[in-house]
Protein chains: 2
Amino acid sequence: MKIRLEQKEQTRRRLIDAALQLAAEHGFSALSLRDVAKAADITPAGFYRHFRDLDELGLVMVDEIALALRQLIREARSRFKERRGRTRASIEAFMDYVHQKPHLFRLLLGERLGGSRAFREALRKEIDIFIAELGEELEAQARAAGRPTKDIPLAAEAVVAIVFSVGAEGLDLPRHRHSGLIDRIITEVHLVLAGAGLIKR
Amino acid sequence: MKIRLEQKEQTRRRLIDAALQLAAEHGFSALSLRDVAKAADITPAGFYRHFRDLDELGLVMVDEIALALRQLIREARSRFKERRGRTRASIEAFMDYVHQKPHLFRLLLGERLGGSRAFREALRKEIDIFIAELGEELEAQARAAGRPTKDIPLAAEAVVAIVFSVGAEGLDLPRHRHSGLIDRIITEVHLVLAGAGLIKR
DNA sequence: ATGCTCAGTGAACAGTCGTTAACTCAAAGT
DNA sequence: ACTTTGAGTTAACGACTGTTCACTGAGCAT
């Protein structure tokens, strides 16, 4: 009782990956069941052995994005524990993730603000978690350093807005420009943290 | 030589407005020529009296967005001249614009980061102008107040990222929550400006 | 070895898509 | 008054869409 389920799982993955790729290129609402099936080397009818319709695939895609986002948070939090250059370490983790799964990230960016209402709300929820966890990390640091915590929630929201917005440029940039982009993001994040009294400049 | 052109111009406007509305709801790449024509009370074939194909309509839509963005800049700059509460005045101008042309703004947000490459680059160019003009305004203020101007370009970029990202929430929010949202944006923008040494807190 | 399960196939369906062609008929030019 | 123009219509095309159905054939339990 293995080969069977294993192969099914493989084609399922191919379907999801194909869908993520295509959705990243032309947007989720431009997804075609037939294109997804073709890209996954499957007949259109075969699609229905895995999902009831495209919307169900859509839910799985959102879950996939949510999962990757949580892994990113974990990685960024763990790198954040370093003694110096916390901001740089976290943002490098973020950019690594962006370049490991570019279509996943592109889809996230495109559907977060545009896109259909349901999609948008699902992504907003995940990003709110992202912001909240960043806030916790900042608060722990601030308490340890005896600094004010009043502005932390808004600072976390601002930092995420900056990292997502500016980081998105990295998707269109050639490799050798990445480090410059990271420096830019770091400086902008430092502006926010300094404004909130969390670091001195 | 009037009635004829006048009526043509009217249906052209109906086509553009219908396209903006539909694109805001389901994304530009999900636009259907037939849907656009129907929403503009025209037969599909009639569409071709106005545009060669959907892509040509797309270019016009980008121009439309660019124009509105420039009008917004003008309004925000003029309100920025006030003696006190410059930030608030500018951001209120921004939010006014967002609510006057919600689909135009929704489309802008959705296609800026996701969307097709050409669309994305066209919008990025316009937003870069937006950032540059904000930078000029900040620099004039900083010089007059004898404050440092070093971080202004990055501060402007960060401010725009925040205003667009957080301001996008206003599109999904009921009216009575708007003022709270504006307060939030103002505080976050002040964090950046304070971090850049442009205001004291 | 035999029969069952079920992932994937091939063909057909009703709709929708973009696009073309020949048309109508009110406005504009003469 | 007579002709020309051109915005918009109706009808049809081939291609593509999501979905259904009966099928095949390998993986599995017995």
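This passage describes a predicted model of two protein chains with two DNA strands, beginning with the fold and symmetry and then turning to each strand.

In this predicted model, local features require pLDDT of at least 70, side-chain atom pairs count only at pLDDT 80 or more, and totals for chains, interfaces and linings use all residues. Residues are numbered from 1 along each chain as its sequence is written, chains are lettered from A and ligands numbered from 1 in the order in which they are written, and side-chain values use heavy atoms, with hydrogens and water left out.

Chain A contains 8 helices and 0 strands, where helices (H or I, at least four residues) and strands (E, at least two) are DSSP runs numbered from the N terminus. Its C-alpha trace spans about 60 × 35 × 35 Å along the principal axes. Two packed helices are described by the angle between their axes and the distance between the axes. For H1(A) and helix H3 (residues 54–80) of chain A, the packing angle is about 80° and the axes are 10 Å apart, the axes being lines fitted to C-alpha atoms over the stretch in contact, with angles running from 0 to 180 degrees between N-to-C directions. H1(A) and H3(A) are therefore roughly perpendicular to each other, a class that covers 65 to 115 degrees. The contact (heavy atoms within 4.5 Å) joins A:Arg12, A:Arg13, A:Ile16, A:Ala19, A:Leu20 and A:Ala23 of H1(A) to A:Leu57, A:Val60, A:Met61 and A:Glu64 of H3(A). By class, this contact of H1(A) with H3(A) comprises 7 nonpolar, no polar and 3 charged residues, with Ala, Val, Leu, Ile, Met, Phe, Trp, Tyr, Cys and Pro counted as nonpolar, Asp, Glu, Lys and Arg as charged, and the others, Gly among them, as polar.

Chain A is superposed on chain B by a rotation of 180° with 0.0 Å of shift along its axis, at an RMSD of 0.1 Å, the fit being by least squares on the C-alpha atoms of residues with pLDDT of at least 70 in both copies. This is the relation of a two-fold axis, and in chain A the C-alpha nearest the axis, that of A:Gly195, lies 2.0 Å from it. Of the interface residues of chain A, 97% are also interface residues in chain B, so the copies meet through the same surface.

DNA strand D is surrounded by 24 residues, of which the closest are A:Leu33, A:Arg34, B:Thr43, B:Arg49 and B:His50; a residue is near a strand if one of its heavy atoms lies within 4 Å of it. Sugar and phosphate make up 49% of the atoms of DNA strand D that come within 4 Å of the protein. Helix H1 (3–26) and helix H2 (33–39) of chain A, together with helix H1 (3–26) of chain B, each supply at least two residues of this surface, which has 10 nonpolar, 5 polar and 9 charged residues. Among the polar contacts (pairs of N or O atoms within 3.5 Å), a backbone N or O atom of A:Ile3 lies 2.8 Å from a phosphate oxygen of DNA strand D, whereas an N or O atom in the side chain of B:Arg4 is 3.1 Å from a base nitrogen of that strand.

Around DNA strand C there are 23 residues, the closest being A:Thr43, A:Arg49, A:His50, B:Leu33 and B:Arg34. Of the atoms of DNA strand C within 4 Å of the protein, 54% belong to sugar or phosphate and the rest to bases. Phosphate oxygens of DNA strand C lie 3.1 Å from a side-chain N or O atom of A:Thr11 and 2.9 Å from a polar backbone atom of B:Ile3.

Conventions. A polar contact is a pair of N or O atoms within 3.5 Å; within protein, one must be able to donate a hydrogen and the other to accept it, and residues adjacent in sequence count only if both atoms are side-chain atoms. Angles under 35 degrees count as roughly parallel, over 145 as roughly antiparallel, 65 to 115 as roughly perpendicular and the rest as oblique.
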